[in-house]
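User: I have a protein open here and would like to go through it with you. Can we take it piece by piece?
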Amino acid sequence: LTSQGMVRSDDMTVSVPASTSNLGPGFDFLGLALGMYLTASAVTTERGQGAGHAVRYSAGPDDRSGAGSWAPEDALFLKALGVFQRRTGVALPGLSITVTSEIPVGRGFGSSGAAVAAALLLAAGAMPQSHGPAAPTREDIISMALEVEGHPDNGTASLLGGCTLAVPTPGETPDVTVVKAPVHDSLHLAVAWPETPLPTPEARRA
């Protein structure tokens, strides 16, 4: 992701990292990328107004039943594509998207933020060539991720990597100020997660 936008192609693959947030006093603002990845590939299936999108998931590391736990991320993928089209005014071609992920769902590792980040990057890459000069900037993509998720911590870390402090400015299309905090090479992280997922809305109510 660069300030000039994504390279465009009819066959694209992006990988974005998991993240953890709520770091100390940085609740909803500090995010830290982790070395587990969601990979999404997209192939253009049709072009023109009203072209549809299809998302298919392989089982995640915590999904013993097939793909049932991916339903929330499926919806977020499609929502992110819709936000991208509305904000840019560009009708995307139809995309067939295949997603594989090392990120456990509903365990606090930003699976939804990674899904949103991947969807927006694929959308930027799928923009018709004629819209090249209007390709979204990095700041545009971060703002769209905030609109989809409602808080900037996970999505910003997945988009930029490393440790990020993201502070939104309220508004119809909010701006986000991002500061990258250095992470020393000597710092290593070990992660573990429970067998039972806890969706973010339920965790916040608790």
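User: Which residues of α4 are buried?
Analyst: The buried residues of α4 are Asp-153, Asn-154, Gly-155, Thr-156, Ala-157, Ser-158 and Leu-159. Buried means under 20% relative accessible area, exposed means over 50%, and partly exposed is in between (1.4 Å probe, protein chains only). Helices (H or I, at least four residues) and strands (E, at least two) are DSSP runs, numbered from the N terminus. This is a predicted model: local features need pLDDT of at least 70, side-chain atom pairs count only at pLDDT 80 or more, and totals for chains, interfaces and linings use all residues. Residues are numbered from 1 along each chain as its sequence is written, and side-chain values use heavy atoms, with hydrogens and water left out.

User: What do the buried residues of α4 pack against?
Analyst: They pack against β1, β2, α2, α3, β5 and β6, the last being residues 175-181. Helix α4 itself covers residues 153-160, and seven of its eight residues are buried. Just after α4 comes Gly-161, with a positive phi of about 75 degrees.

User: Back up a bit. How many helices and strands are there?
Analyst: The protein has five helices and six strands. Starting at the N terminus, the order is β-β-β-α-β-α-α-α-β-β-α. Of its 206 residues, 44% count as buried.

User: Which residues touch the most other members in the largest nonpolar core?
Analyst: Leu-38, Ala-40, Phe-77, Phe-84 and Ile-97 do, in a core of 46 residues. A nonpolar core here is a set of buried Ala, Val, Leu, Ile, Met, Phe, Trp, Tyr and Cys residues joined through side-chain atoms within 4.5 Å. At least two residues of this core come from each of β1 (11-21), β2 (30-46), β3 (54-57), α1 (71-88), β4 (94-101), α2 (111-126) and α3. The largest share, 12 residues, is from α2.

User: Take Phe-84. What does it touch?
Analyst: Leaving out residues up to four places away in sequence, Phe-84 touches Leu-92, Leu-120, Ala-123, Ala-124, Met-127, Pro-136, Ile-141 and Met-144. Contact means heavy atoms within 4.5 Å.

User: Which residues of α3 are buried?
Analyst: Ile-141, Ile-142, Ser-143, Met-144, Ala-145, Leu-146, Val-148 and Glu-149 are the buried residues of α3. The helix has 12 residues, 138-149, and at 1.5 Å a residue it should span 16 Å; the end C-alpha atoms are 17 Å apart, which agrees. The expected span is 1.5 Å times one less than the number of residues. Gly-150, just after α3, has a positive phi of about 90 degrees.

User: New topic: Thr-164. Buried or exposed?
Analyst: Thr-164 counts as buried because its relative accessibility is 0%. It lies in strand β5, residues 163-169. Beyond four places in sequence, Thr-164 touches Phe-29, Leu-30, Gly-31, Asp-153, Thr-156, Ala-157, Val-178, Val-179 and Lys-180.

User: And Lys-180, where is that?
Analyst: Lys-180 is in strand β6. It is partly exposed, with a relative accessible area of 45%. Its C-alpha atom is separated by 9.7 Å from that of Leu-30, although the two are 150 residues apart along the chain.

User: Which residues make the nonpolar surface patch of about 290 Å²?
Analyst: Phe-29, Leu-165, Val-167 and Val-179 make that patch. Patches are made of residues with over 30% relative accessible area and no salt bridge (a side-chain nitrogen of Lys or Arg within 4 Å of a carboxyl oxygen of Asp or Glu). Like charges are joined within 9 Å and nonpolar side chains (Val, Leu, Ile, Met, Phe, Trp, Tyr) within 5 Å. Accessible areas come from the Shrake-Rupley method with a 1.4 Å probe; for residues, only the protein chains shown count as cover. Leu-165 lies in strand β5, and at 34% relative accessibility it counts as partly exposed.

User: Last one. What is the phi of Asn-22?
Analyst: Asn-22 has a positive phi of about 55 degrees, although it is not a glycine. Most residues other than glycine have a negative phi. Asn-22 is in the loop between β1 and β2, and so is Asp-28. The phi of Asp-28 is also positive, near 70 degrees. At 38% relative accessibility Asn-22 counts as partly exposed, whereas Asp-28, at 15%, counts as buried.
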